[in-house]
Every structure is written in structure tokens, then in C-alpha cells.
Amino acid sequence: EAYNEKYRPQYHFTPPAMWMNDPNGMVYFQGEYHLFYQYHPEGITWGPMHWGHAVSTDLVHWEHLSIALKPDHNGFIFSGSAVVDWSDTSGFFSGQPGLVAMFTHADQYPESERPRQRQSLAYSADKGRTWVMYEGNPVLCNEQITDFRDPKVFWYTAGGHWVMVVAAGDRIQMYTSSNLKDWTYASEFGAAEGSHDGVWECPDLIELPVEGKDGISKWVLIVSIGDHPELPEGSRTQYFIGSFNGYSFMSESSDNSVLWLDYGRDNYAGVTWSDAHRDKQEKIFIGWMSNWKYANQTPTSTWRSAMTIPRELMLRETETGIRLVQTPIPELQKLRLHEQAVHQKNITISPGENPLEDMNGVTYELVCEMELGDASEVGFKLRTSPQEETVIGYQTASQTLYVDRSKSGESSFHHAFPCRHEVQVQPKKGRILFHIYVDHSSIEVFVNEGEVVITDQIFPNPASTGAELYVYGGESRVVSLSYFPLQSMYS
Ligand code: FRU
């Protein structure tokens, strides 16, 4: 297949055709990374949910497999997770390891008046190629709560039991189990914490090391919050840092300020891979690169929505406290077209100059360390043409990073789409390090090695291929700049 329709990302995961939302069931098993996703195979808007499925050996190139889970008499298949049941605690695999998916069965609306959301299981003994619905479904109900969904399950090694975190309206509930089938309520978290601008969805609870602090780790609870019709941000993702004792999570935040995982508009419902072991115990995260505010209206034709690039999650001690940091997985570097790359070092630039003048491209990566110097603002204008630009700017006096996509291209499909958003970031010794990924319909901006991230969809004309590195108000120094055209994952 060609995968060359207008706006089709060339190195971000997309479904071959039709609608996709949340990433689901990510698990690494026997050399393969599995990615399932909320899928509507009959249309390019949200509808009766299935789990689409793809596998990869490198998290960069994906092989599409057939639909893994389809609606049945218990309802649609909403979001959830998958684990390797290494010691066959479930008894599904006659003593061998196998894959167990845990997801929400949602009543087919409007057939039922008050649709229920209940947690169910499916299992696979053949590396995820075929799935059996457990005959005891659903395994966990809570009919007091209407929004009860998106179970994320993990093995708690210290206690030797399974833990499920699941969204329950305005809070997260935790349950434990020894066999994945029988679940006992353990605790809840969040009714009075964090942002409640929308319903809570898609939790994940992970343990992460603090960079450079040998042996110190903390637990991070990731919680997505749904769209609020009156707020411009739409759906977004917050996180909490704290501790976990196998049954309950305690936040360590002293004030109640909200920690956002991403300051852009298009990173939602993201969670991490199960059983993927990395050198430094990082977790691998992927998010749905869209926003419920306008997800059903984005201007693509044969498919709708992409995932973010996979990112490694870590914790880092910063001036403002311990924070979650996200960096692009190193595997993506194999897409770099080194022969066409451009490197520059130690050049002073003045207002009006543009070291990227000769670059033209749609799919590329920029790594640039800027010494701010006397400039009032430094930044990039990407995917430019006389009519279009996407601006990534850093204003030195206010120490704010912003993305402005108000002239980025097609945007009339929703009034909230054209916008500018910003976040405070402190320079490091007078410098800002930008790491930017550009594709046919997105930009992802990582600043200061993942301390702040802005992920945004854009829909520029395919002919808007210009790039600019600019300074305003005074001179700055480019300490180093690398421009890597990226190969398509389909080539
Ligand atoms: C998040 C979400 C989940 C739900 C799924 C339905 O985007 O609303 O809470 O399970 O999408 O597709």
C-alpha cells in the first residue's frame, strides 16, 4: 500500500484506513512490541469500538494485523491494557506464558438506557494473533458509576499480585488480583486532586527512576482528562508523582498545582508499554495525537488520527521539583538520512538571517542548541510558504516557549484549532535545547531534553516546505544545529 494521501504521516503510526483513537494493550512479548488501538473499521468518525492491532520489532516500522477484539454480546471494546501472564496465574495457558488483555466492555448505546461500563478479559496463546473472549466476562462491575473504564494492569513484584488502575468518573480506583479474574477493591485516588476539567480516563501507574540518583525511584500516576466544552484546551493529560505500596497511591505534591504531561493540544490517552525492559528502567509511552475537541473533524480523507512518536519516560530533579521528562526513543534515529543531513556549529545569527534558508522538507528532525545572547526571541518557523507557517518561539524576558499554529494551514474545521499556547521554561546556562520532529501533519517539540513537550497537529499545504531559524531583537549564537531529513517508515 502507498500510504501517501494528503496529510498521511510518514513515521507516525496510523491505521491503514478508518478511525483510530486511544492506544491500547501495549505489551512487549517474544521480540514484538504490540500496539492495539481504539478502532472503528466502518468509518472515519468514532463509532462501535474494536481493537485494531499492529506489531513491531523496533517501535518504528509496524506490521498491521487483523482486528484483535470485536464487539460482542457484552458490548463495544473500549480502552484497556495487556500483560504477559508469565507464570500462568490465569490458568489460560497450561503453564506457559501468554498474553491477557483487560479492557472495558461498554453497553451498546442507545439499546440500554443507562449504559454500563464493565471490565473484561481476553487472552491469546499465539503471540496475539488470535484472541479468545473469557467466558466469565465481565470480571469487574461497579454499577454505581457510569464512567468506569480503561483498566491498566501490571504485576506488582514486591507484593506478588496484579494491580488494576481504572478510571471511575472523577477519580482513579485500584483493585488487586492473584489471577486476573477475581478483583478486590483496594483504594481510590484523586477526587480532590489535580484537574477536574473533564472526566478522568485512561490511567497508568508506573515506577520510574530519578535520573542521576542511583536507586531512587518514584511512582507516577498518569491521568487523561476529557474535553470540557467551555475550555479551549480540550482533552489533555496530567500526572501525579508519589509513592505506591501495592494497594494505594499517595501523591507527594505539596500544593495542588497541576502537572501537565504535554503543553500542546494533541497528546491524549497515552499510556506505557508493559513488559518492555529498557536499560535504565525507562518506560515507553505513546499517546493519541489528537483532541476530542475536534478529533472527528480533522481534514483527512481515508483514515483519521495518528499516534505520537514513542517516547521514553523518566523522572528528573528540576528547579521546581521532580518532573516527568519525555525523550524520543533512540530507535527513531535509524530513520535519519545522514547523507542529506546538515550540521552547523558555532554561528552567530542576527535578526533577518536564516541558517535554514536552503532546507526544504516535510519529514525531518531538528536538533538545535541556542545560546540566547541578546535576542528577545529565538525560534523556528516550519512548514512555511508565503501563506503558511507554524511558529515555535522562545521569548527570553518572560522565559516562555510557545507554539503558534494559527497560520499553520487548514484550520477552519474547528474554531478552537487555530491557536497559540505557551509554557514557562528556564534556560540552562543561558541556552535552550530544541529537539523537533516534523511530519506531514504534526510537530513535536522537546525542550531541554524532554523537560517540556509540545505536541500539535498541523495541516499545512504539502507545498509548504520552507524552514526558518530566526532571532528577534538582538544576536544569538547557534551552538549546534542538525537537520536530519527522515526516511518514511513505509520505504
Ligand atoms: C479516551 C476514551 C476512553 C474510552 C475510549 C472510547 O479517549 O474516551 O475513556 O475507553 O476513549 O473509545
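The exercises below work through confidence, the ligand shell and selected salt bridges in a predicted model.

Residues are numbered from 1 along each chain as its sequence is written, and side-chain values use heavy atoms, with hydrogens and water left out. In this predicted model, local features need pLDDT of at least 70 and side-chain atom pairs count only at pLDDT 80 or more, while totals for chains, interfaces and linings use all residues.

**Exercise 1. State the confidence of the prediction.**

Solution. Begin with pLDDT, the predictor's confidence in each residue, from 0 to 100: the protein chain averages 97, and 99% of the residues score at least 70. Then turn to the complex, for which the predictor gives an ipTM of 0.98 and a pTM of 0.97.

**Exercise 2. Describe the surroundings of the ligand.**

Solution. First, collect the residues near the ligand (one heavy atom within 4 Å of it); there are 13 residues around the ligand, and Asp 22, Gln 38, Arg 149, Asp 150 and Trp 292 come nearest.

Second, sort the shell into six nonpolar, three polar and four charged residues, where Ala, Val, Leu, Ile, Met, Phe, Trp, Tyr, Cys and Pro count as nonpolar, Asp, Glu, Lys and Arg as charged, and the others, Gly among them, as polar.

Third, list distances to oxygen atoms of the ligand: a polar side-chain atom of Glu 201 lies at 2.9 Å, and an N or O atom in the side chain of Trp 292 lies at 2.8 Å.

Fourth, consider the area (Shrake-Rupley method, 1.4 Å probe): the ligand taken alone exposes 320 Å², of which the protein buries 95%.

**Exercise 3. Explain what the salt bridges Asp 227–Lys 293 and Asp 262–Arg 311 tie together.**

Solution. A salt bridge requires a side-chain nitrogen of Lys or Arg within 4 Å of a carboxyl oxygen of Asp or Glu, and a search of the whole structure finds 31 of them.

For the pair Asp 227 and Lys 293, the N to O distance is 3.0 Å. Asp 227 lies in the loop between strands S14 (217-225) and S15 (236-244) and Lys 293 in the loop between strands S19 (283-288) and S20 (303-304), so the bridge ties together parts that are 66 residues apart in sequence; strands here are DSSP runs (E, at least two residues).

For Asp 262 and Arg 311, the closest N and O atoms are 3.4 Å apart. Since Asp 262 sits in the loop between strands S17 (259-260) and S18 (268-272) and Arg 311 in strand S21 (residues 311-318), this pair ties together parts that are 49 residues apart in sequence.

Finally, compare burial (buried under 20% relative accessible area, exposed over 50%, partly exposed in between; 1.4 Å probe, protein chains only): Asp 227 is partly exposed at 29%, Lys 293 is buried at 11%, and both Asp 262 and Arg 311 are buried.

Conventions. Polar contact = N/O pair within 3.5 Å; in protein donor to acceptor, adjacent residues only side chain to side chain. Helix = DSSP H or I, 4+ residues; strand = E, 2+ residues; numbered from the N terminus.
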